[in-house]
Amino acid sequence: MQKLNPIFVSLLLLGGISIITPSVTLGATEPLLLAQSAQNNQNLDREVNELLRQGRELVDAGDYANAIQIYLQAANLDGDNARIFSGIGFLQATQQNFEAAVNAFQQATSLEPENADFQYALGYALANLGNNEAASVAYRRAAQLDPENLNAQIGLGVVLLRQEDYDGALQAFQQVTSRDTRYWQAYESIGTALLQQGRIDEAVVALQQAAGLAPQQGSIQMILGVAFLTQGKTNEALETFKQAAQLEPRNAQLQLAIGKLLQDQGQVIEALVSYQRAASLAPDLIEPHAAIAAIHLQQEDYLQAIVAYRRLTELAPDNGDAYYNLALALRGRNRVSEAIEQLKKAQELYQQQGENERLEKVEALLSELNP
């Protein structure tokens, strides 16, 4: 099995994002949560009903922050209404305020512990906080209360996968496929779990099943490409990444991966184009800038290398290699005094970082340029 370059490991993690949040997220439960809040509170006093009406109007207008405040006021007046707390939890989660969402969903589940939707929502918020153990408890409870809630099983599998409980994760995902053979997210998740276990051939089979069910899903192609690469099938990996890039043309990590494979195959000009696309899509991403600069330096296009390495030093000011290579490019243009200046910066960084071998290279070049 081939050891993966960090670029492709990052791509695997990026692809895996598609399974961290279940395919039917809280957005699908919003009408239920908010509409039932109103329906179940018809007997409340006029003030609570008015607050619920205002809250719904703010939600419809997309003003979630003020809607939260209105629903909190309603909860203070009617603290036994689980639906209000669940609505607050949904809105907090929408605002990425997952700690507040957890608190709200915990209130809802304490008031209605047999409500599978609330347990699922609590698991979702806990998972986004990184509290995987607690999330797994909530997801299990949701699945027990509602065995048809396949999203709860997916969520459970994801948090178990994060905890490296691969067997448990696979069991959860397989529960989904046993109930719905066309649930592509489950096959994608199974492939990811198998890949992380090193069961590459099985992973490829599962991912190809997912791709057959969802041919327009770029994340599947990304993970499948990583699986091919792990098998040492470079050409298949490259073609798969290209397919993924067609589906996700604004994915900088994909362009970076394609560039790396093209460069490894000696297709330097094509690789440079992919790296430039990646840098354009994610201007602050260090890796494509470093690759672009290295190619220009290798091709002795010193002017372009200087531009690229200066940008790299802005993005990674603690990277001594960037200053050293910038000095090489400057030397190539006979800009000796500027090269010495950059070498001194590299020298200082290497000394601070204990990079003795690199420090020797800098000092040798300094002696050559400034005898």
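1. In what follows, helix axes are lines fitted to C-alpha atoms over the stretch in contact, and angles run from 0 to 180 degrees between N-to-C directions. The structure under review is a predicted model. Two packed helices are described by the angle between their axes and the distance between the axes.

2. The helices α7 and α8 form a packed pair whose axes lie 8 Å apart, at an angle of about 160 degrees. Angles over 145 degrees count as roughly antiparallel, and α7 and α8 are therefore roughly antiparallel to each other. The crossing that α7 makes with α8 is left-handed.

3. The contact between these helices can be followed residue by residue. On the side of α7, the participants are A116, Q119, Y120, L122, G123, Y124, L126 and A127. On the side of α8, they are N132, A134, A135, A138, Y139, R141, A142 and L145. By class, the residues of the contact of α7 with α8 comprise twelve nonpolar, three polar and one charged.

4. R141, listed above among the α8 residues that meet α7, also takes part in a salt bridge. Its partner is E114, and the closest N and O atoms of the pair are 2.8 Å apart. E114 is located in the loop between α6 (98-111) and α7 (116-129), while R141 belongs to helix α8 (residues 132-145), so the salt bridge ties together parts that are 27 residues apart in sequence. E114 counts as exposed because its relative accessibility is 53%. R141, with a relative accessibility of 28%, counts as partly exposed.

5. A further packed pair consists of helix α13 (residues 218-230) and α14, whose axes come within 8 Å and cross at roughly 165 degrees. Helices α13 and α14 are therefore roughly antiparallel to each other. Their crossing is left-handed.

6. In the contact of these helices, α13 contributes G218, Q221, M222, L224, G225, V226, F228 and L229. The residues they meet in α14 are T234, E236, A237, T240, F241, Q243, A244 and L247. The contact of α13 with α14 divides into nine nonpolar, six polar and one charged residue.

7. Helix α14 also carries a salt bridge, formed by the side chains of E239 and K242 at 3.9 Å, N to O. The two residues are three apart within helix α14 (residues 234-247), so about one helical turn separates them. E239 is partly exposed, with a relative accessible area of 43%. K242 likewise counts as partly exposed, at 32% relative accessibility.

8. Another salt bridge joins R331 and E368, with the closest N and O atoms 3.2 Å apart. R331 is part of helix α19 (residues 320-332) and E368 is part of helix α21 (residues 356-369), so this pair ties together parts that are 37 residues apart in sequence. R331 counts as partly exposed at 33% relative accessibility, whereas E368 counts as exposed at 53%.

9. Salt bridges with shared partners also occur, joining E50, R53 and E57 into one network. Side chains of opposite charge can pair when their charged atoms come close. How many salt bridges does the structure hold? The total is 15, and the pairs described in this note are among them.

Technical notes
Residues numbered from 1 in each chain as written. Predicted model: local features only at pLDDT ≥ 70, side-chain atom pairs only at ≥ 80, totals over all residues. Heavy atoms only, no water. Salt bridge = Lys/Arg side-chain N within 4 Å of Asp/Glu carboxyl O. Helix = DSSP H or I, 4+ residues; strand = E, 2+ residues; numbered from the N terminus. Buried < 20%, exposed > 50% of the residue type's maximum accessible area, 1.4 Å probe, protein only. Parallel < 35°, antiparallel > 145°, perpendicular 65-115°, else oblique. Left-handed = near helix turned anticlockwise from the far one by under 90°. Contact = heavy atoms within 4.5 Å. Nonpolar A, V, L, I, M, F, W, Y, C, P; charged D, E, K, R; others polar.
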